[in-house]
Amino acid sequence: MWKTIRINSNKNLIETEEYKDAYMGLGGRSLIAQFLNDEVNPDCDPLGEEAKIIICTSMFAGSGLVCANRLSVGAKSPLTGGIKESNVGGSAAKALSDHNIRSIIIESKPKIDGIMKVILIRSDGSISLEDATSYQGMNNYEFVENMQKKYSENISVISIGVAGERLYKNSSLQITEYGTNYPCRAAGRGGLGSVLASKGIKGIVIQNADEKSKPAYADQEKFSRIRKALNKSVAEASKTNPFSLIGTACTIDKTGVAGIIPTHNFTGTISEKIDNLKSDKFIDFVNRNGKNQHPCQSGCLIKCSNIIKDNDGKFLTGGFEYETIALCGPNCDIYDFETIARMDRICDDLGLDTIETGASIALCMEAEIIPWGDANAALELYQQIAEGTEIGNLIGQGTAAVGEHYNIKRIPTCKNQAIPGYDPRGTIGTGFTYATSSMGADHTAGITLGKDDPTDLAGAIQTSNVMQRIFAMADSMTCMMTMSTLGGQLDQLAELYNAMYGGDLNAEGLFAAADKTLKMEHEFNKKAGWTKADNQIPEFFRTEPLPSTGKTFNIPAEMMGI
Ligand code: SF4
């Protein structure tokens, strides 16, 4: 039977609960939506006593389904003020599944702010809260190294760095990566690192389970048969999938040429330097000492991740992704993989969302605090974020706060969250997602790149809505990267669900479950104070044409429910 671990950070109490029948068949994003609606007052202070943070696995974690060992982190976001589910790979979800743990709920607040603990899940399944005073102020890489020395090399760690400890609204939780054991996988969006810090938790350490067990499936034989076929189809498709062969960085080949990648704070100016960041250069950069086609979690057959090493062959960073390259690179007029990879490492180490941070640094350039494209000056700002200086603390409050502080007109945020690596003028369906989704400006809520037509507004909206449903489905089951293949086999996926949990779901049932997740998220946000008037895209996207196409974001406000 699955278990829920509930931790009261005020009483230092750990309880193991049987997994609720009502939650059976939920996982990842759907579980977070249900849980937050059931247990958290949407009106609460995200860092206060009433707030809770939930860390859970996908509904298929531990089952051997391709890429299904996903971890979801959910809470009311201190950045957007709405619900947030941040979905991440790494080794933790599998490790939790091996202990039969589906979710960890952390609630209340420590009696004294700033006193930190580590949640230790031992090999024998026992759980304790360990004093973490000596690790306070430590960043993720050093923290993980310390945990490995103390508890063994073979652990999975979920942790925060100083960004979380400083309660920054752009702070992440970092997860150790499968294979390297470095904390380079990020549950980045929404500032959830600060929520974990507000509970006085520095990290969660999971030792490998002595005895791996899993609950009985409704029909194990059927499950194994369908899983084998689905896994085979994904493995086959990955042989020609550019995300498998190159990584998400290959997206630049499309967005760079089309002017959709953010440049110079979303002006869309195309620089010839974009050639420095194309796929062929990326492969050269990765291959100088590292490698691509790395699986970030066990059971991944797509392997879109990578290992980046420095000139001396020392590990620099992993999971070096398109979004980080776009926001920390061209959006700041920086076109050099070496520098951007260093920024990625710093963000992972401090526990910072690379998207929010890159967008904020660009605003500092727009405000003439540092010159455009000055990599050293940008790296100095990262240092100030670490030190918590006045400007460092300002950047920690997120892109909207930076823009407002410097009185900047062009602030690229929706629902207070920085827009990721796709200019909404070049993909209006994605822009619609940024403005209307339950997650704010988040491409993982429903990207429509290459699927929308700027002359067909209704079609773009429809595509966005379909993608929002598909992503809600994927984030509950497995890695969204599988959906280009599994999305065409939803009846089989539903049969897999039936073989695991029982029932007679079909593809329509999966969509209905995704709709329920979205409905719960929107209900939470409504109670938290979001209204349709918040479904805004920043005005400059409506008035300034994208240089590459001459087009603005043209979905009228009334079509966005405003
Ligand atoms: S496809 Fe990429 S993000 Fe998804 S599990 Fe595999 S390596 Fe991780």
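Me: Before anything else, what counts as a pocket here?
Reply: A pocket is an open set of points on a 1 Å grid over the protein atoms alone, with protein on both sides within 12 Å along at least five of seven lines. One thing to keep in mind throughout is that this is a predicted model.

Me: OK. What volume does the second largest pocket have?
Reply: The second largest pocket has a volume of about 370 Å³.

Me: And which residues are closest to its centre?
Reply: T436, H522, T531, K532 and N535 are the closest to the centre, out of 16 residues that line the second largest pocket.

Me: Which elements supply at least two residues of that lining?
Reply: Three helices do so: α16 (428–436), α17 (457–477) and α20 (507–528). Of the elements, α20 gives the most to the lining of the second largest pocket, with 3 residues.

Me: How do the residues of that lining divide by class?
Reply: The lining of the second largest pocket has 10 polar residues, with 3 nonpolar and 3 charged.

Me: Switching to closed spaces. How many cavities of 30 Å³ or more are there?
Reply: The count comes to 3 cavities of 30 Å³ or more. The largest cavity has a volume of about 50 Å³, and the second largest holds about 40 Å³ of space.

Me: Where is the largest one, in terms of elements?
Reply: Its lining takes two or more residues from each of β1 (3–8), β2 (13–18), α1 (28–39) and β6 (101–107). The lining residues of the largest cavity include T4, R6, E17, E18, Y23, F35 and I105. By class, the lining of the largest cavity has 5 nonpolar, 2 polar and 5 charged residues.

Me: And what lines the second largest cavity?
Reply: G256, G259, I261, T263, G268, T269, I270, S271, I274 and Y335 line the second largest cavity. There are no charged residues in the lining of the second largest cavity, which has 4 nonpolar and 6 polar ones.

Me: You mentioned β1, β2 and β6. Which sheet has those strands?
Reply: They belong to an open sheet of 6 strands, in the order β2-β1-β6-β3-β4-β5, with mixed pairing. The edge strands of this sheet are β2 and β5 (83–88), and each pairs on one side only. On average, neighbouring strands of this sheet are turned by 15° against each other, direction ignored.

Me: How do β3 and β4 run, parallel or antiparallel?
Reply: β3 (residues 52–57) and β4 (residues 71–76) run antiparallel and are joined by 4 bridges. In this pair, C56 stands opposite S72 in β4.

Me: Quick basic one: what do strands of a sheet pair through?
Reply: Backbone hydrogen bonds, and the strands can be parallel or antiparallel.

Me: Next, β7. How many of its residues are buried?
Reply: Strand β7 (residues 117–121) is mostly covered, with 5 of its 5 residues buried. K117, I119 and I121 point one way from β7, V118 and L120 point the other way, and all are buried.

Me: Which way does β7 run against β8?
Reply: β7 runs antiparallel to β8 (residues 127–131), and 5 bridges join the two strands. V118 of β7 has E130 as its bridge partner in β8. The hairpin of β7 and β8 has 5 residues between the strands, and G125 takes a positive phi near 95° there.

Me: And against β12?
Reply: β7 runs parallel to β12 (residues 201–207), again with 5 bridges. I119 of β7 has I204 as its bridge partner in β12.

Me: Now the ligand. What surrounds it?
Reply: The ligand is surrounded by R70, R185, H294, C296, Q297, C300, I302, K303, C304, S305, C479 and M481. This shell divides into 6 nonpolar, 3 polar and 3 charged residues.

Me: Which edge strands does the sheet of β13, β14 and β15 have?
Reply: β13 (291–294) and β15 (315–318) are the edge strands, and each pairs on one side only. The sheet is open, in the order β13-β14-β15, and its pairing is antiparallel. Its neighbouring strands are turned by 25° against each other on average, direction ignored.

Me: How many bridges join β14 to β15?
Reply: There are 3 bridges between β14 (residues 305–309) and β15. I308 has T317 as its bridge partner in β15.

Conventions. Residues numbered from 1 in each chain as written. Predicted model: local features only at pLDDT ≥ 70, side-chain atom pairs only at ≥ 80, totals over all residues. Heavy atoms only, no water. Pairing = 2+ DSSP bridges. Axes fitted to C-alpha atoms, helices over the stretch in contact; angles between N-to-C directions. Near = heavy atom within 4 Å. Nonpolar A, V, L, I, M, F, W, Y, C, P; charged D, E, K, R; others polar. 1 Å grid on protein atoms, 1.4 Å probe; cavity = no way out; pocket = protein on both sides within 12 Å on 5 of 7 lines; lining within 4 Å. Points joined across faces, edges and corners; volume = space filled by probe spheres on them. Buried < 20%, exposed > 50% of the residue type's maximum accessible area, 1.4 Å probe, protein only.
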